[in-house]
Amino acid sequence: MWIGQGIPKRFHFAFSAQDKKQVDDFYQLALKIGGKSIGEPKSQKDDYYSCYILDLDGYLLEAVYRNK
């Protein structure tokens with residue numbers, strides 16, 4: 001959890017996935033129920049695979065798989 005000063009502009013929640021397929025499934029389901037894509041599933045680094053969704057309330061949701 002990261003805490004900063006001031007009024008937050010957006011909340012960011014990251015969910016840990018067990019594998020890349022879970023990230024892909026999260027992304028597809030989130031789109032299906034009305035979420036907005038702001039980052040398709042992709043590798044950010046060799047050990048970091050994630051996607052980003054804005055939910056219906058404007059929260060930033062991330063599903064992430066870390067291969068460590």
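Two strands pair if DSSP finds at least two bridges between them. In this predicted model, one such bridge has Tyr-48 facing its partner Arg-66, which belongs to strand E4.

**Figure 1. Overview of the predicted protein chain.** The secondary structure of the chain consists of 1 helix and 4 strands. Followed along the sequence, these elements give the pattern β-α-β-β-β. The chain has 68 residues, of which 28% are buried. About 5,500 Å² of the chain is exposed, and carbon and sulfur atoms supply 52% of that area. Among contacts with a separation of 6 or more, 37% join residues 24 or more positions apart.

**Figure 2. Confidence of the prediction.** The average pLDDT of the protein chain is 89, and 88% of the residues score at least 70. Helix H1 has the highest confidence, with a mean of 97, whereas strand E1 has the lowest, with a mean of 91. Where pLDDT is low, the predicted coordinates should not be read in detail.

**Figure 3. Strand E4 and its two pairings.** With E1, strand E4 pairs in the parallel sense through 5 bridges. One bridge of this pairing links Ser-16 to Val-64 in E4. With E3, strand E4 runs antiparallel, and 7 bridges join the two strands. The bridge between Tyr-48 and Arg-66 of E4 also appears in this view. Strand E4 is largely enclosed by the rest of the structure, because 6 of its 7 residues are buried.

**Figure 4. The largest nonpolar core.** This core comprises 10 residues, including Val-23, Tyr-27, Cys-51, Ile-53 and Leu-61. At least two of the core residues come from each of three elements: helix H1 (20-32), strand E3 (48-54) and strand E4 (60-66). Ala-17 is another member of the core. Setting aside residues up to four places away in sequence, Ala-17 touches Gln-22, Val-23, Val-64 and Tyr-65. Of these neighbours, Val-23 and Tyr-65 also belong to the core.

**Figure 5. The surroundings of Phe-13.** Phe-13 lies in strand E1, which spans residues 12-16. Its relative accessible area is 40%. Buried means under 20% and exposed means over 50%, so Phe-13 counts as partly exposed. Apart from neighbours within four places in sequence, Phe-13 is in contact with Tyr-59, Leu-60, Leu-61 and Glu-62. Phe-13 and Tyr-59 are 46 residues apart in sequence, and their C-alpha atoms are 7.6 Å apart in space.

**Figure 6. Asp-55 and the hairpin of E3 and E4.** Strands E3 and E4 form a hairpin with 5 residues between them. Asp-55 is located in the loop that connects E3 and E4. Which backbone nitrogen does the side chain of Asp-55 reach at 2.9 Å? That nitrogen belongs to Gly-58. A polar atom of the Asp-55 side chain also lies 2.8 Å from the backbone nitrogen of Tyr-59. Gly-58, in the turn, has a positive phi of about 90°. The relative accessibility of Asp-55 is 22%, and this residue therefore counts as partly exposed. Gly-34 is 21 residues from Asp-55 along the chain, and the C-alpha atoms of these two residues are separated by 7.3 Å.

Note on methods: Residues numbered from 1 in each chain as written. Predicted model: local features only at pLDDT ≥ 70, side-chain atom pairs only at ≥ 80, totals over all residues. Heavy atoms only, no water. Core = buried A, V, L, I, M, F, W, Y, C linked by side-chain atoms within 4.5 Å. Buried < 20%, exposed > 50% of the residue type's maximum accessible area, 1.4 Å probe, protein only. Contact = heavy atoms within 4.5 Å. pLDDT = per-residue confidence, 0-100. Polar contact = N/O pair within 3.5 Å; in protein donor to acceptor, adjacent residues only side chain to side chain. Areas by Shrake-Rupley, 256 points an atom, 1.4 Å probe, with all protein chains shown as cover.
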